[in-house]
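Here are some labels that structural descriptions use freely. What stands behind each one?

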Amino acid sequence: MNRNPNGFLREEYNALVEKNFNWQPKTLEGPSAPVCKVEGKEVIMLCSNNYLNLSNHPKIKKASIQAVKSHGAGSGSVRGIAGTMDLHLIAEERVAKFKHTEAALIYQTGFAANAGLIPQLVDKGDIIISDELNHGSIIDGVRLSKADKGVYKHCDMGELERVLKDADSKYRRILVITDGVFSMDGDIAPADEIVKLAQKYGAMTYVDDAHGEGVIGPDGRGVGAHFGIEGKIDVEMGTFSKAYGVVGGLIAGSHDLRNFALNKSRTWLLSGSHPPAVAAAQIAAIDVLEKEPRHVKKLWTNTKYFKKQIKKMGFDTGNSTTPITPIMCGESAKAKELSAFLFKEGVYALPIVFPMVARDKARIRTMMNAGLKREHLDKALDAFERGGKKCGII
Amino acid sequence: MLKFRQGMLLGVCFFLTLCIIYFNDSGDWGGMMKVGFIVNPIAGMGGRVGLKGTDGVIEDARELGAVPIAGEHAAAMLAELRRIYRNSDIQWFTCSGEMGASILEEAGYEHSIIHETSADTNREDTLAAARKLLESRVDIILFCGGDGTARDICSVIGRKIPMLGIPSGVKMHSGVFGITPAKTADVLAGFIAGELKPAEVEIMDLDEGKYRQGEWVVRLYDSALTPFESTLVQSSKLMVTEASDADIINEIAEYIEELTKEEPETLFILGPGGTTEAIAKYLGMDKTILGIDAFAAGSQVGKDLNEAAILKLTNKYNKIKLILSPIGSQGFVLGRGNLQLSPEVVRKVHRNDILVVSTPAKLERTPVLRFDTGDAELDRSLAGSGWLSVVVSYRMFRLAKVQV
């Protein structure tokens, strides 16, 4: 047949460009820091996930450099064959100890954890019950499974129980999945109630705590510690790429979970393992969290100050109780206008507009950073106040 | 376009329709939007004087003192549109006089006349205007009227282009109407901006035959497209994909096809509606939108069945699954548009084997599902605990409230 084998590449890309739907990532020149350089402009960073600024912590950087010297630049293989180093195992032991669980397993990324593990936990004849606002990578994991899926209204425990009751007699296994901290709204899932309901109906629980790890709970130990239910969530999943300041996905739970997960997750089995520098940085990040509680404290001090001031100005911040603070703008055009104004004023915060959120719920999503000083926050707040007034939001 | 699940197997980005990224400007679709505009000047006149509509009884209505209200409603909608949508990229196409032109003129909108109305405007004018608008390749038809007008326009345009109604009739059971004239302007503005997409809705009206026998029965006549917020799915970080209704229904159909393969001994009965029609097409069946059809062991075993034929067919199978789609907003699963599925038929089906299918967006705007088979005891048992699991995508379910 006479066909152009590659023609679709440009055609589909051009179609995205025409609608302005193509990604145009902005470039950071230098480290992801509380104040950093984005395409030549110095800005206060309010949209990175580097909550604790650990990516710049001298001890963690030093641990990475040391590991390159002692273990080399790469790991040589996948974990299953010849790519498991002592550093990988130490990192997993430290995660389990830190989160008060029996065991832990580290995946290449958070996405690899969800996409690799979820489809193995349930199969045909089983059901996954999921919060409607769960993160994309959970949704992907859910879709890769042959199990049925039930969806419940965001954080609605009444509806969760109704779905559990309906599923109880129809299915073999039931798996309840939720985000710990929801990334768009910054609210926390009632994991304690979810665990209680799951236990009542004999269901497994899986909490994706990507935005809670290093942020909520004593010393930033995550969602289990936050609710005092450590070890009771069957799969506590998290990531090293946010508050820990490194990269990598993790799951914490029982020995049985670890044994099962590493033998069954194709993402884990078929990707090369983390380079030594990454594994050493993961260990050092946990060290820092255990020994230097000031970072988490500072993150919350900053968060409280920022939220208080921004509310005082008359902004609506939704239901957020975490360092993710959405600043409601109403229509999409206003959120875009405010974001552009902020960038000009040296504040980097992105608009979240329709269709990511409802048509009248466009917002600027801000993420706090422990490395920001009071003067930075005041500068950002001043820009928000002037911008908010200029755009007619406050 | 690639099918969903092929993308899914790649494990990359599953909903391939549109990837909308947060920091880009969206909404500018470029070019002009062509809007057709038809006003039924006598719509709604019967209401205040106690008539069921104005179809064929306009003289009675006038004698009873009815005054025209449609023009006023249309003008209110246009005034709101002018307030909220300031761009001048709408091209209007309409009929002469009070069927459109005079109202657009008063609102200050330039327009082209595609149909010269007769002296005493009537139904033929609506049909002729709809035909001309279709020929003019308008993007949407905005009309002012009730169920009768909606039916007339839909009979011409079908699901080729979307339609949107400014509510002004005596009967407005169809899913194409805005809540108020002002809200209709908001919907049109959303459609022009590309935020709202055509989705399928039912065209309902009073069954005139039954009405003449003294019964007030609303039934399903057709299926049309109207702008709605799409089903949104987050497919990766900060990226949301907007899945079209057709894509979602395909996902549902894929699941139903799997069921038919897993259960070759089961008789699958498909009720009326656009969703079930699309599922039937996926299964390779020849289905009418209003009819009831049956499928078993990979092939069609019944077409446009009446109650007797359904009962006869059900006797041949041990297990029966009913696939039904609720009527949008009103929520009827049984008892409207599918009376062939009589209580006797429904009693042969286990409650867990009644599969209600709906796109999530449609379910969202349908607050409660209803069973109205005419047998109160059966309706109660179908309602069960008051919640029903509805198929909303491939192997995906949501509980919906059922009126007990």
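The questions below ask what earns each label in this model, which is predicted.

Q: Why is strand E7 of chain B called largely enclosed?
A: The label rests on burial. A residue is buried if 20 or more other C-beta atoms lie within 10 Å of its own. In E7(B), residues 197–206, 10 of the 10 residues are buried, so the rest of the structure largely encloses this strand.

Q: What makes E7(B) and strand E8 of chain B a pair?
A: Pairing needs at least two bridges. E7(B) and E8(B), residues 218–228, are joined by 10 bridges, and the two strands run antiparallel. One example is B:Glu200, whose bridge partner in E8(B) is B:Leu225.

Q: How do you know which strands are the edges of the sheet E4-E3-E2-E5-E6 in chain B?
A: This is an open sheet of 5 strands with parallel pairing. E4 (111–115) and E6 (163–167) of chain B each pair on one side only, and they are the edge strands. Neighbouring strands here are turned by 25° against each other on average, direction ignored.

Q: What makes strands E2 and E5 of chain B paired neighbours?
A: Again, at least two bridges are required. E2(B), residues 33–39, and E5(B), residues 140–145, have 5 bridges between them and run parallel. Within E5(B), B:Ile141 is the bridge partner of B:Gly36.

Q: Which strands does helix H5 of chain B touch, given that it packs on the sheet?
A: Contact means C-beta atoms within 7 Å. H5(B), residues 123–135, touches E2, E3, E4 and E5 of chain B. The direction of H5(B) makes about 120° with that of E4(B). Helix H7 of chain B, residues 181–192, also packs on the sheet, touching E2, E3, E5 and E6 of chain B. Its direction makes about 160° with that of E6(B).

Q: Why is A:Ile251 named among the residues of the largest nonpolar core?
A: Core members are buried nonpolar residues joined through C-beta atoms within 7 Å. This core has 224 residues, and A:Ile251, A:Ala285, B:Ile141 and B:Met163 touch the most other members. Helix H11 of chain A, residues 276–291, gives the most to the core, with 11 residues. Beyond four places in sequence, the residues that A:Ile251 touches include A:Ala104, A:Leu117, A:Val235 and A:Ala261.

Q: How do you know that domain 1 and domain 2 of chain A touch?
A: Contact again means C-beta atoms within 7 Å. In chain A, 17 residues of domain 1 are in contact with 17 residues of domain 2. On the domain 1 side, helix H12 (294–312) and strand E10 (324–330) of chain A each supply at least two residues. E10(A) gives the most, with 3 residues. The residues of that side divide into 8 nonpolar, 8 polar and 1 charged. The centres of the two domains are 27 Å apart, taken over C-alpha atoms.

Q: What makes E12 and E13 of chain A paired strands?
A: The threshold is at least two bridges. E12(A) and E13(A), residues 362–367, are joined by 3 bridges and run antiparallel. In E13(A), A:Ile364 is the bridge partner of A:Pro351. Helix H13 of chain A, residues 332–344, packs on the sheet and touches E10, E12 and E13 of chain A. The direction of H13(A) makes about 40° with that of E13(A).

Definitions and conventions: Residues numbered from 1 in each chain as written. Chains lettered and ligands numbered in written order. Predicted model: local features only at pLDDT ≥ 70, side-chain atom pairs only at ≥ 80, totals over all residues. Buried ≥ 20, exposed ≤ 12 C-beta atoms within 10 Å, placed from the backbone. Helix = DSSP H or I, 4+ residues; strand = E, 2+ residues; numbered from the N terminus. Axes fitted to C-alpha atoms, helices over the stretch in contact; angles between N-to-C directions. Contact = placed C-beta atoms within 7 Å. Domains from an automatic or database assignment. Nonpolar A, V, L, I, M, F, W, Y, C, P; charged D, E, K, R; others polar.
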